[in-house]
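Subject: Structure handover

Hello,

Here is the structure I said I would pass on. Please open it beside this email and follow along as you read.

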Amino acid sequence: MAGQSLHDEEKRLASLRQRIERATILPENRRLLLEFDALCAAEGLSPSRRVKLLGHLAVFAAEYFTTPFREATPEQVWAAVAAREARPLAPWTRHGYKV
């Protein structure tokens, strides 16, 4: 992002991880989100990309999944995507949640 330093992005990532720790997300899903972030870091993804991915997944975990991710059916996942799509979001925001 223009004008933002890597340090700023690392602070945003740390803040997001703390919000996930406090969020009303199933403990198993919380653990998976944080493990996913560690995997993304090991793969070399930038902090800004990790913020985007982790932030979107946290929204789905908090708002749409009352069961563990591992037990979610394809129908539940599509229903969550459809529910997010129905929200009044900008087109590129919708796109970001789906990729």
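Leu32 sits in helix H2. This leucine is buried, because its relative accessible area is 16% and the cut-off for buried is under 20%. Its partner in the next distance is Pro68: the two C-alpha atoms are 9.4 Å apart, while 36 residues separate Leu32 and Pro68 along the chain. Please keep in mind that this is a predicted model, so every value here is computed from predicted positions.

Asn29 is also part of helix H2. With a relative accessible area of 0%, Asn29 is buried. A polar atom of the Asn29 side chain lies 2.7 Å from the backbone nitrogen of Phe69.

A third residue to look at in H2, which covers residues 27-42, is Leu39. Is Leu39 buried or partly exposed? Its relative accessibility is 48%, so Leu39 counts as partly exposed; that class lies between the 20% limit for buried and the 50% limit for exposed. Together with Phe36 and Leu57, Leu39 makes a nonpolar surface patch of about 240 Å².

Now the chain as a whole. The protein chain contains five helices and zero strands. Read from the N terminus, the order of elements is α-α-α-α-α. Of the 99 residues in the protein chain, 30% are buried.

Helix H3 takes up residues 47-63. How far apart should the ends of its 17 residues be? At 1.5 Å a residue the expected span is 24 Å, and the end C-alpha atoms are 24 Å apart, so the two values agree. The buried residues of H3 are Pro47, Arg50, Val51, Leu53, Leu54, Gly55, His56, Ala58, Val59, Phe60 and Ala61.

Helix H4 covers residues 74-85, which is 12 residues. From the first C-alpha to the last, H4 reaches 16 Å, close to the 16 Å expected at 1.5 Å a residue. Which residues of H4 are buried? They are Ala80, Val81 and Arg84. These residues lie on the same side of H4, because they cover an arc of only 95° around the axis. The exposed residues Glu75 and Trp78 are on the face of H4 turned away from its buried side.

When you go through the model, you could start with the side chain of Asn29 and the backbone nitrogen of Phe69, then turn to the patch made by Phe36, Leu39 and Leu57.

Regards

How values were computed
Residues are numbered from 1 along each chain as its sequence is written. This is a predicted model: local features need pLDDT of at least 70, side-chain atom pairs count only at pLDDT 80 or more; totals for chains, interfaces and linings use all residues. Side-chain values use heavy atoms; hydrogens and water are left out. Patches are made of residues with over 30% relative accessible area and no salt bridge: like charges are joined within 9 Å, nonpolar side chains (Val, Leu, Ile, Met, Phe, Trp, Tyr) within 5 Å. Accessible areas come from the Shrake-Rupley method with a 1.4 Å probe; for residues, only the protein chains shown count as cover. A salt bridge is a side-chain nitrogen of Lys or Arg within 4 Å of a carboxyl oxygen of Asp or Glu. Helices (H or I, at least four residues) and strands (E, at least two) are DSSP runs, numbered from the N terminus. Buried means under 20% relative accessible area, exposed over 50%, partly exposed in between (1.4 Å probe, protein chains only). The expected span of a helix is 1.5 Å times one less than its number of residues. The arc is that of the directions from the helix axis to the C-beta atoms. A polar contact is a pair of N or O atoms within 3.5 Å; within protein, one must be able to donate a hydrogen and the other to accept it, and residues adjacent in sequence count only if both atoms are side-chain atoms.
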